[in-house]
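Student: Before we look at this model, I would like to know what lies behind the labels. Could we take them one at a time?

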Amino acid sequence: MNVEGHVYVNDNLRTLIYEEINAYKTNKSSTFLPAVVQIANVSTLPGIVKASIALPDVHAGYGFAIGNVAAFDMSNEKAVVSPGGVGFDINCGVRLLRTNLFYDDIKNKQEELAQLMFNHIPVGVGSQGVIICNQEYLDDALCSGMDWCVKEGYSWVEDKANCEDNGRSLYADSNCVSIRAKKRGITQMGTLGAGNHYAEIQIVDEIYDKKSAKLMGIEKKNQVCVMIHSGSRGLGHQIATDALIDMEKSMKKYKINVIDKQLACTPIHSKEGQNYLKAMGAACNFAWINRSSMTFLARQAFSKCFNQSPDDLDMHVIYDVSHNIAKIEDHIVNGKLKKLLVHRKGSTRAFPPFHPLIPLDYQYCGQPILIGGTMGTYSYVLTGTEKAMDVSIGSTCH
Amino acid sequence: MLATHFPSEDVLLVTASPVVKAVTNFKQISKILEEFDVEEQSSTMLEKRFPNIKVIESGVKQLKSEEHCIVTEDGNQHVYKKLCLCAGAKPKLICEGNPYVLGIRDTDSAQEFQKQLTKAKRIMIIGNGGIALELVYEIKGCEVIWAIKDKAIGNTFFDAGAAEFLTSKLIAEKPEAKIAQKRTRYTTEGRKKEARSKSKADNVGSALGPDWHEGLNLKGTKEFSHKIHLETMCEVKKIYLQDEFRILKKKSFTFPRDPKSVTTDTEMWPVYVELTNEKIYGCDFIVSATGVTPNVEPFLHGNSFDLGEDGGLKVDDHMHTSLPDVYAAGDICTASWQLSPVWQQMRLWTQARQMGWYAAKCMAAASLGDSIDMDFSFELFAHVTKFFNYKVVLLGKYNAQGLGSDHELMLRCTKGQEYVKVVMQNGRMMGAVLIGETDLEETFENLILNQMNLSSYGEDLLDPNIDIEDYFD
């Protein structure tokens, strides 16, 4: 191990994790490694700094566990980038919209509103997007992210400010995306997908920090919000698959040996590494476009239901976070400021108050963090703290 | 689609029945009664939104492909630069012209069926396709005798294992809350049947869309929930009207209470069905759900189309038939291009819609001299439906179609809850059948399209202790 593994648990989780380790010790036959073993494996990767961090909701994933944060020193030429550390659903994330409606306003219109959402937002396997798209359009969109949405009229300008990275990855390059990935993207642009993805109409159940909530436009209990949980669909999956195959082949030439084949990686500054980062950037943009077009469609649905414009309904984006991404960020390592490539898989960035990268609106409370609960269960909105910067590379769970 | 791309060109929509459109403002008043406001008057709305679209409500009498023109029943001729045939398919009726044999194919015939059902105590359903599967479970308060020529139910969709899983639902008499399945709803404009032009009014109609039975109250005269008896490996030998049956002096059976005992029926029924397994049952009417046949007839005369083995118009990878400037989409065509390894044609509304969309793009591209790539929706077969109150998702080569013996199946099943079957070839996922709320459809869709090598996982892939959905997230 190059660094320690740090696993954040409470008493219940600690028991579960030890049980998992003991079970693994007696039976190593399953192809599915326990999450803790994966955390340890990641700590052996070249160039990793600080620690291989596991957030409380950690569980097994492909290569890296889901809920793992791993940062690599960009100034170390051996430091690697690994697609498994981002996940297949690149920039899977959560967006929260507010409204100025309350439960009493919608309680008699629930069925109607739900049907309108279904009418507007394409959902399910095999569903097709409503945004008419050809390859030229897609290339433009992949490079520009939410800037493309604003240009096309799907997003409000202010939506960008309340999105991580302003909804646009600057290292995106559509030339690094394969034709097959683009084909999958064209069909699925603006679709929700299936499985654990959702667009959910929610009401505020409890406010624990009134000041921070007010900064987000949440005033009272029973206020209606819309949460969208979705990612980059087949495009992201294909990019991840392509990169894994590419890197598996190239690892030898960089003399990299990994303890688990699924940790396929290459040096950050290698051709393969850079290709992946640029393609990943394009996938990030695609996911932001998807969440933005669903924002647009949700606004339309509400507008039709209540006969008011989305603007009058105050349907602003509170925030949009990503929980499957790799980003270049500045962090303090052993007292020195360093540029790190931070892989967050199944974990969310959690920057503190006054951090330069968070929107003006949230400078006082810190970056909003959206923890989406499974459909039908509670979701939570948190704010980032200095402690996260110290101990978990500015990250928390998802 | 075409209207958007060519705002200055005329687009003619020739339809023998009222235009289909999506229903909005759907409200459910109670479990049975539903009310919906149809906000949009579709043909006029279409014309208003796209001034270059004109809707002509008339059947087609003849296609003169060399002259690039169609002759409609109202006596007019229309010349075209490009033509797309979307006439769909018509149900194969086991017996034409018998008033007691109903085919269900469009909203009119579905409503007719509902009307007949309210007076019925027992009906027979012949056939094993999607309509039969959907219907059998939906009917309440009426005895159903279901006759299929196969060994197991739903064999176009399922293998014996999945059929077995579903059959247990049929036997249970408990009424269940329906699972929610929200989608865009389709219906036709609310015009009275009498107002429509007459000549072929009985033979034409727009195809049933998804969830076609949702708006219907399929209830017979009796008070119980389900009562279904299945007769396998048989077909209809003969159908007798009541008078004919009386003369025969043969005996018919009552609704079987258990598989062993059969008793003679003393009640008289309007119609009797003799099956090839020698059994005779009386009933109020018969539903023929024995598949469809492509509706190519009106267009064949004087035109030399290449036809597929199933009778449909052969189309290439640009939905182009063998005749210049004539395209075809939906049930009327037979996909004759080099098919993707995980796609097959099935006459389903999902494919019809995808084909129509793609055909329009091809026609547009051809007019502009542009090239166009095959639409990605033909890359992976995907169909979501509901059978027996279970959500059913079919992906890729879900029944290992065309894979020969070179494949493996993996199965995970919890009776009454979920059924997961995966088809693997060389360590790669080629297809899947998912019954129940498995939440696995997106993961498997991606695994099939990624064509990732999963051989290292072996059987562990379906280990219920592993959250496979999250693992590949």
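The talk below takes up aromatic pairs, charges over rings, cysteines, backbone angles and a cavity.

Tutor: This is a predicted model, in which local features need pLDDT of at least 70 and side-chain atom pairs count only at pLDDT 80 or more, while totals for chains, interfaces and linings use all residues. Residues are numbered from 1 along each chain as its sequence is written, chains are lettered from A and ligands numbered from 1 in the order in which they are written, and side-chain values use heavy atoms, with hydrogens and water left out.

Student: Why is the pair of A:Tyr62 and A:Phe88 called edge-to-face?

Tutor: Rings of Phe, Tyr and Trp (its six-membered ring) pair if their centres lie within 6.5 Å; planes under 30 degrees apart count as stacked, over 60 as edge-to-face and the rest as tilted. For A:Tyr62 and A:Phe88 the centres are 5.4 Å apart and the planes 70 degrees, so the pair is edge-to-face. A:Tyr62 lies in the loop between β2 (48-59) and β3 (66-73) of chain A and A:Phe88 in the loop between β4 (80-81) and β5 (93-102), so the pair ties together parts 26 residues apart in sequence. Helices (H or I, at least four residues) and strands (E, at least two) are DSSP runs, numbered from the N terminus.

Student: What makes the pair of A:Tyr62 and B:Phe472 tilted?

Tutor: The ring centres of A:Tyr62 and B:Phe472 are 6.2 Å apart and the planes are at 35 degrees, so the pair is tilted. B:Phe472 is in the segment after α10 (468-471) of chain B, so this pair joins two chains. A:Tyr62 and B:Phe472 are both buried (under 20% relative accessible area; exposed is over 50%, partly exposed in between, with a 1.4 Å probe and protein chains only).

Student: How do you know that the charged end of A:Arg299 sits over the ring of A:Trp156?

Tutor: The rule asks for NZ of Lys or CZ of Arg within 6 Å of the ring centre and within 35 degrees of the ring normal. The charged end of A:Arg299 is 3.5 Å from the centre of the A:Trp156 ring and counts as sitting over the ring. A:Arg299 lies in helix α11 (residues 271-306) of chain A, and its relative accessibility is 2%, so A:Arg299 counts as buried.

Student: Why is B:Cys86 in no disulfide?

Tutor: A disulfide is a pair of cysteine sulfur atoms within 2.5 Å, and the count over all chains is zero. The nearest cysteine sulfur to B:Cys86, that of B:Cys84, is 3.7 Å away, so the pair misses the cut-off. For A:Cys163 the closest cysteine sulfur, in A:Cys149, is 9.6 Å away, too far for a bond. B:Cys86 is exposed at 53% relative accessible area, whereas A:Cys163 is buried at 3%.

Student: What is the phi of B:Asp325, and is the residue buried or exposed?

Tutor: B:Asp325 has a positive phi of about 65 degrees although it is not a glycine. Its relative accessible area is 22%, so B:Asp325 is partly exposed. B:Asp325 is found in the loop between β21 (313-315) and β22 (326-328) of chain B.

Student: Which helix gives the most to the lining of the second largest cavity?

Tutor: Helix α9 (residues 441-450) of chain B does, with three residues. Lining residues have an atom within 4 Å of a point of the cavity, a set of points on a 1 Å grid over the protein atoms alone where a 1.4 Å probe fits but cannot get out. Among the lining residues are A:Asp89, A:His197 and B:Phe472.

Technical notes. On a 1 Å grid over the protein atoms alone, a cavity is a set of points where a 1.4 Å probe fits but cannot get out, and a pocket is an open set with protein on both sides within 12 Å along at least five of seven lines; lining residues have an atom within 4 Å of a point.
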